[in-house]
Structures are given as structure tokens and as C-alpha cells.
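Here are some notes to read alongside the model, with the cores taken up at the start and the backbone at the end. I hope they are handy at the bench.

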Amino acid sequence: MRLPILPHRHWWDFFQPCLDAAGVIASLATVKWIARGWVDDTTLAMGLIAVIVFLLTGHLTGLYRKSHAGSANMEMSSIVGAWSMTVLVLALLAFATRYGQEFARSVMLCWIILAPTMIGLGRMCLRIIQQGLLQRGIGTRRIAVAGLNELGIQMADNVEHDPSLGFQMVGFFDDRNELRSEQASSPAKYSLEGDLTEMIQKAREGEIDTIFITLPMRAEDRIRYLLDQLSDSTASVYIVPDFFVFELLHSRWTSMGGIPAVSVFENPLFGVDGVVKRLTDVAIATAALIVAAIPMLAIAIAVKVTSPGPVFFRQRRYGLDGREILVWKFRSMRTCDNGAVVKQATKGDPRVTRLGNVLRRTSLDELPQLFNVIVGTMSLVGPRPHASAHNEQYRCRIRGYMLRHKVKPGITGLAQVNGCRGETDTIDKMERRIDWDHRYIRNWSLWLDLKILFKTLRVAWSQPEAY
């Protein structure tokens, strides 16, 4: 018999989108009633369309995947991002259908400002109500952790820093004493309440509501024993696998014919997410090419006039899944290294032309990569592609280096907007860049891409380390 593992759903997983939808419709109805004194069917239709677009955008931008322990500022930032994209979609629909003529500009402007405010207030009220209920013991659960080890301590820290979970720690239970624990130097606030037999007894007596088993996967016999004994109680039991010992890259649950599995290394851009990112790339890259057409023509002429050689430089680099691609750039050097050995540009490098120095500092030499984005070999945002020779050099020296190729390379990336540009003359610099690339893949969302693009516009003109 094959039993699928079902996701655990909280009551707010259903109530939160409903509350957000109410905020969108209520804000539109409010401004329309103030302006005209009534709310007609056209207003309700517009509100329903906005709700559908906002909920879809919220899921795509990660608004509904955020931890409930996040700060109010982070949550409000996500709301504004999702609502901004919703307004953009509504504007395109209004332009195509002329539906927007039914609403005065003052009404639309007030609605655009009021809607995210009401959504934020609704979420804040929900948090206050939730915290009040938990403080009164309503919805709380007494939990115990089986295993005083690194994973168990991490579990306790998460519980302590997220009161919205509604958990009250009973304590740690383990057959090993604290001196034999994997975390002999753990903080004093975490101590053993007893052994596993005592935990089982407390569960049978109803003193524990939920038990998290954080024993290592190799302790299969002890886990089986616990499950057998706890079946004679009413406690809820969770097994917390110690996957953190692996380098998880955008891990997710999946099902193979009813058999659950968890990915360790995965591309986050399968399915709808990949389609949305691709459509966003094509739309923004096309618009950017239209805007930059004349400046690019001027740069091309300047490159040709100021130094001998081709206007464009196409270098072999690794793309998605490590497949080799040709990346376009305006030529900024007198040489075009593209073989088994590629020397990185250094400060005062004599190979860099006078014009090339300006292009590299302002990142204008990267503009032709918009063509790479349109044809699909690159994305606007992603790990920056390194020369193929550098990939072969570092893949054996840095653990997990090739995992950065689980997504398409980008014109800009999380590493670049956090100061990781220029020469990687030490292994530490490259490791820091790879760490940012992995963070990007783990935490990808469309909203993250947009934030990186906006930040790139701000930092691209002042990067002294780019030479």
C-alpha cells in the first residue's frame, strides 16, 4: 500500500488570501463610493479581476511563501511589489480593452495607494489576533524534541524565534547524557529533561502534544522503537530528517507515483515559474533594446574607431546545465582570449583600451547580452557566467561550484549587487561569489529578480572594483 505524504496546512493558509482579496475589493469600493456615492457592477468586476491578478502575482513573487516570522517591513515590501505588478497588468488590460475609461484617474490613483495599505493593515490585525490567542493558550501545543543534537537545537531556536507557531517547549529528551551529546558546547538554556523512556511516558499521560524526532538518519533502530512506543499515545509525531548535513539547493518535496522524495539539488524554474521568468526576460530585454538602440550604435562606432579589431567579443562560457554558450560583449580589450587559458582583467591591465576602461566600469560593455537574453541562452538575472577556462579551474577547488549552472546565467546577479565584481585573485573571493549565487537559487522569486534589477541600476555606475 502506498500512502502519499500530504502537506501540512495552517488555517491562515486559507484565511490570508481571503483577507487580502477583501482588502483589494474594499479599497476600490471605498474610493468609488467616496467619489460617486455608489458602487456599481463595473467596480465589482474590476475588483474581482484585480483580486485574481494579485493572488496569482503574490504566489509568483513569493508573497505567500514567506515565513510568518518575517518582519513587518519585509512583508510590506512584498505586498507593494506584488501590488505594483498587479497594477501593471491591469494597466495593460485597460489599454487593450479601454475598460479603464469607466474610472476617473483620481479614483484609480487613490485605489493604487489605498489597496496595499489596507492589505498591510489586514495582515497586521491578523497577526495581533493570532498572537493574542496564543498568549491565552488558544491553539498552542506542548512539544518535545527527541535528540539533543545540532538539528534539535536548530529546531528549538526556530520555535523560540517564531511565536506564531504556537509551540511551547517541554524540553529535550535523549538516551545520551549531555556530555556525550553532539553539542557538548551547546547553550546552557538547552538541557535534557529526561531520557526517551520518560518522554514516551509523558506522551502517554497526555503531557506532550507533539514530538519532533531529530535523531540522525543512521539511528534507524531507535527511531523505529520510538514510533512503535508512541503509537500507544495520542501525541502527534514528526520526523525531522537531518538534510541540513547536505548542501540543499532549492530543495522541495515531490512525489514519484505516490512515493515522497525530497530534492537536494534542483532547478527552481520548472513549470509556471520558468515560463513567467522567461516572459519577463523577453519583455524587459526587448524594451531595454529599444531604449538602448541609439546608445549601443554610438558605442559600436566608438569601439571601431578607437582601436583595431571587431566591435563585439563572443566568449565561450557555461550556460544552463553546464552547456557551452557564446556570450556577447562590446570589445573592451586589445586581445580576445577565448581558449583553454583566459587571464582575468586586473587593475591597470594594459590589454584594456581607454574606451574599454569606461565601458567596463559602467557595465555598458554588457549591453549586447540583451541579445543572449532574447534568444534564450541567458537571463536578465542569474549567476554571472565565467569563462569556460575559469569554470574548469574552479570546479575542482570549490565545493558545489557547478551548482550555479542549475539556472541560466544572468547579465546581473545577487553576487554583483553585493559587491562581488572584478578580479577574483584569491580563492576566498570566488567562494564568496559562489555563496551568493547559491543563495539566489535557493531563494529565487520573481520579486527577488526585480529587486536585483533595480539595485543594479543604482550600483552599476559606481563600482571601482570593476576593471
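**Notes on the cores, the cavity and two loops**

1. The largest nonpolar core has 32 residues, and those touching the most other members are Phe 330, Leu 370, Leu 380, Tyr 440 and Ile 452. A nonpolar core here is a set of buried Ala, Val, Leu, Ile, Met, Phe, Trp, Tyr and Cys residues joined through side-chain atoms within 4.5 Å. Buried means under 20% relative accessible area, exposed over 50%, and partly exposed in between (1.4 Å probe, protein chains only).

2. Two or more residues of this core come from each of H8, S9, H10, S10, helix H12 (414-417), helix H13 (427-442) and H14. H8 gives the largest share, seven residues. Helices (H or I, at least four residues) and strands (E, at least two) are DSSP runs numbered from the N terminus. A second, separate core has 18 residues, among them Leu 28, Val 51, Ile 79 and Ala 115.

3. Please keep the source in mind. This is a predicted model, in which local features need pLDDT of at least 70 and side-chain atom pairs count only at pLDDT 80 or more, while totals for chains, interfaces and linings use all residues. Residues are numbered from 1 along each chain as its sequence is written, and side-chain values use heavy atoms, with hydrogens and water left out.

4. Leu 380 is worth a look. Setting aside neighbours within four places in sequence, Leu 380 is in contact (heavy atoms within 4.5 Å) with residues including Thr 280, Asp 281, Leu 370 and Leu 453.

5. Leu 380 also lines the largest cavity, together with Lys 277, Thr 280, Asp 281, Val 381, Leu 446, Asp 449, Leu 450 and Leu 453. A cavity is a set of points on a 1 Å grid over the protein atoms alone where a 1.4 Å probe fits but cannot get out, and lining residues have an atom within 4 Å of a point. Helix H8 (272-306), strand S10 (379-381) and helix H14 (446-459) each supply at least two lining residues, with H14 giving the largest share, four. The lining has five nonpolar, one polar and three charged residues.

6. Which residues have a positive phi without being glycine? Asp 321 is one, with phi near 60°, and Ser 363 is another, with phi near 65°. Asp 321 sits in the loop between strand S8 (312-318) and strand S9 (324-330) and is partly exposed because its relative accessibility is 46%. Ser 363 sits in the loop between helix H9 (354-362) and helix H10 (369-375) and counts as buried because its relative accessibility is 17%.

Notes. On a 1 Å grid over the protein atoms alone, a cavity is a set of points where a 1.4 Å probe fits but cannot get out, and a pocket is an open set with protein on both sides within 12 Å along at least five of seven lines; lining residues have an atom within 4 Å of a point. Ala, Val, Leu, Ile, Met, Phe, Trp, Tyr, Cys and Pro count as nonpolar, Asp, Glu, Lys and Arg as charged, and the others, Gly among them, as polar.
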